[in-house]
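Visitor: I am new to this structure and would be grateful for a guided introduction. May we look at it together?

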Amino acid sequence: TERVQDILKWEGEEPEVVVLIGTNDIGRKREDVLKGEFRELGGVLRRRTAKVTISGLLPVPRISESRNGARWRINMWLKDWCRGQGFRFLDHWDLFRGRCDLYKKD
């Protein structure tokens, strides 16, 4: 959250912020810890601007639906949480699920 504050300090009075949520910590941290971190980030953003868009998680290609389950649960929670916070939420899950052709190898 300190990094977010540093980035936004030069962005004027009411910046529009788009946050891309990644999947690196899923599997490394418990879901309740991740949710707490999202809430903390949301609080920082709310104090700085009302124009927040959260770009949701993408399913990981070429793994089973069951292995993507934690990502999907977090994504659905984020969607509901964003609605409650007044944040916009971009839900890409169904567009990317099963579409390996939309992914490029690093």
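**Helix, strands and rings**

Guide: In helix α2, the buried residues (under 20% relative accessible area with a 1.4 Å probe, protein chains only; over 50% is exposed, in between partly exposed) are L34, F38, L41, G42, V44 and L45. This is a predicted model, in which local features need pLDDT of at least 70, side-chain atom pairs count only at pLDDT 80 or more, and totals for chains, interfaces and linings use all residues. Residues are numbered from 1 along each chain as its sequence is written, and side-chain values use heavy atoms, without hydrogens or water.

Visitor: What arc do L34, F38, L41, G42, V44 and L45 cover around the axis of α2?

Guide: The arc is taken from the directions that lead from the helix axis to the C-beta atoms. These residues lie on the same side of α2, because the arc that they cover is only 160°.

Visitor: How far apart are the end C-alpha atoms of α2?

Guide: Helices (H or I, at least four residues) and strands (E, at least two) are DSSP runs numbered from the N terminus. The expected span is 1.5 Å times one less than the number of residues. For the 18 residues of α2 this gives 26 Å, and the distance between its end C-alpha atoms agrees, at 26 Å.

Visitor: Which residue of β2 is the bridge partner of L20?

Guide: Two strands pair if DSSP finds at least two bridges between them. Strand β1 (residues 16–20) and β2 are joined by five bridges in the parallel sense. In β2, L20 has as its partner S55.

Visitor: Which residue of β3 is the bridge partner of S55?

Guide: Strand β2 (residues 51–55) has four of its five residues buried. It runs parallel to β3 (residues 88–90), with three bridges between them. The partner of S55 in β3 is L90.

Visitor: How many aromatic pairs does the count come to?

Guide: Rings of Phe, Tyr and Trp (its six-membered ring) pair if their centres lie within 6.5 Å; planes under 30 degrees apart are stacked, over 60 edge-to-face, and the rest tilted. By this rule, the number of aromatic pairs is four.

Visitor: What is the angle between the planes of F96 and Y103?

Guide: F96 is partly exposed at 21% relative accessible area, and Y103 is partly exposed at 22%. Their ring centres are 5.6 Å apart, and the pair is edge-to-face, with an angle between the planes of 70°.
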